[in-house]
Amino acid sequence: MDIFSQLKQSAMDSRQVEGLTHSFYRYPARFSPEFAAAAIRLFSEPGDLVIDPFMGGATSILEGFVSGRRVYGCDINSLSVFIAKVKTTPLSNGAIDNVTTWADEVADRMSFRYPTADLEEILNDTRAKNLSLPSARPLKKAVAIALHWLDELATSTERDFARCLILKTSQWAFDNRKRTTPLSEFRERFASNAHEMAEELKEYSRLYRREKLRLCDRTLVQCDAADIHKGGDFVGDKASLVVTSPPYPGIHMLYHRWQVDGRRESPAPYWITDSMDGQGASYYTFTGRRRNDLSPYFVKVTETMAGVRQCLKKGGHVVQMVAFAEPERHLRQYLRAMNDAGYDEVKETYHRIRREVPNRKWHANFKGKTAAAREVVLVHRAA
């Protein structure tokens, strides 16, 4: 089977995202670990530098790292950097067990009768906006209780892992739910998530030690992808491969908000992870959700991919997955932007890979097979 047939097979993988620490957070528009691993295996060698300038949930960063590549990931979103750090940082079994013990104890403390005076500062954080409606109020207090007791954990890596546990459970409870989650159900899920995540992190940590991986081979940066070439020494050490999924033009995607209680938007992920936000949706997607003229998007793609080009060897590959609101027109514009940024599409040996997006959120499935439900895999080479 040739390399593009193998890439297509991996792109069509429709299984739930799982394995290692991939399930720690459901980041929007994730591609499967199988696709990332295949692209890395097919277009790079162990020891090569692999870049993801829109690393999101860090799928390609994690897969590249465990396959013996050096990885460099950046994202404009501080939430992405937090998630990438937790997913790729090993812990000792003892430290992991500390967090599961802590989680079991905290779950027992989660009660609407817990003294509010102890939680006042946490509950009044502006990043908890839209979690105060009656249906969400008990869960908001449960999250605040967990955040209040983080200081019981001895190290920052343990606390970050615990924050990621709170984040995962809260996303399940709040984001795009058809029904209100009872507090008893939240407590049960919190404890079960702790033990599941602990086993996943132990598996990753064992692999990290067995393969003699080094955190110095993993670089995570919060920056605009257009400036990625300014953040590292890419003069004598350029990348062989870029594996990424950029923002989709004309398609509404919330990278920085959850939608709770009738789709009201909340910055709760930043409250839980103690990260900074304050930006509008267009900051994360190159253009506003109501903008009819998408020309600024394609200008930004050209600028961004030109910056990435400075980090890539001549002949290095870019493998990306993207969807378009108007597939035929927007694909032509996107390809033109890539060409202007210094890339040639690898057309002579493959047909563009198209796939239906698996495991979509319930409200997206309700809309049916819109353009956003179909993604295309593009392969380019640095000119």
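Which residue in β10 is the bridge partner of Val-322? In this predicted model, the partner is Val-376, and that pairing is a good place to start our walk through the fold. The strands involved are β7, which covers residues 312-322, and β10, which covers residues 374-382. They run antiparallel and are joined by six bridges.

Strand β7 has another partner as well. Strand β4 (residues 239-244) pairs with β7 in the parallel sense, over five bridges. If you would like a residue to click on here, try Val-242, whose bridge partner in β7 is Val-318. As for its surroundings, β7 is mostly covered, with eight of its eleven residues buried. While you are looking at these strands, it may help to recall that side chains in a regular strand alternate between the two faces of the sheet.

Next, let us turn to a charged residue, Arg-309. You will find Arg-309 in helix α12, which spans residues 295-309. Arg-309 is buried, yet it has no salt bridge. How far away is the nearest side chain of opposite charge? That side chain belongs to Asp-344, and the distance is 8.6 Å. A salt bridge here would need a side-chain nitrogen within 4 Å of a carboxyl oxygen. What, then, is Arg-309 in contact with, once its neighbours within four places in sequence are left aside? The list consists of Lys-314, Ala-341, Gly-342, Tyr-343, Ala-382 and Ala-383. Two of these names link back to the strands above: Lys-314 falls within the residues 312-322 of β7, and Ala-382 within the residues 374-382 of β10.

Now for the aromatic rings. A search of the whole structure finds 14 aromatic pairs. One of them is formed by Phe-4 and Phe-43, a tilted pair with 5.9 Å from centre to centre and 55 degrees between the planes. Because Phe-4 lies in helix α1 (residues 3-11) and Phe-43 in helix α2 (residues 33-43), this pair ties together parts that are 39 residues apart in sequence. Phe-4 counts as buried at 10% relative accessibility, and Phe-43 is buried too, with a relative accessible area of 10%. Tyr-297 and Phe-298 make another pair: their ring centres are 5.0 Å apart and their planes stand at 85 degrees, so the pair is edge-to-face. Both of these residues are buried. Ring pairs also link Tyr-297 and Phe-298 with Phe-54 and Phe-286 into a cluster.

Some rings have a charged side chain over the face. Arg-109 lies over the face of Trp-149, at 3.8 Å from the ring centre. Lys-141 is placed over the face of Phe-112, at 5.1 Å from the ring centre.

Arg-109 also leads us to our next stop, as it falls within the residues 93-109 of helix α5, the helix that holds Asp-97. Is Asp-97 buried or exposed? It counts as partly exposed, at 33% relative accessibility. Asp-97 and Ala-194 are 97 residues apart in sequence, while their C-alpha atoms are 9.6 Å apart in space.

Our last stop is Asp-175, in the loop between α8 (156-174) and α9 (183-210). Asp-175 is buried, with a relative accessible area of 10%. Its C-alpha is 9.1 Å from that of Ser-266, although the two residues are 91 apart in sequence.

Technical notes: Residues are numbered from 1 along each chain as its sequence is written. This is a predicted model: local features need pLDDT of at least 70, side-chain atom pairs count only at pLDDT 80 or more; totals for chains, interfaces and linings use all residues. Side-chain values use heavy atoms; hydrogens and water are left out. Rings of Phe, Tyr and Trp (its six-membered ring) pair if their centres lie within 6.5 Å; planes under 30 degrees apart count as stacked, over 60 as edge-to-face and the rest as tilted. Helices (H or I, at least four residues) and strands (E, at least two) are DSSP runs, numbered from the N terminus. Buried means under 20% relative accessible area, exposed over 50%, partly exposed in between (1.4 Å probe, protein chains only). A charge sits over a ring if NZ of Lys or CZ of Arg is within 6 Å of the ring centre and within 35 degrees of the ring normal. Lys and Arg count as positive and Asp and Glu as negative; His and the chain ends are not counted. Contact means heavy atoms within 4.5 Å. Two strands pair if DSSP finds at least two bridges between them.
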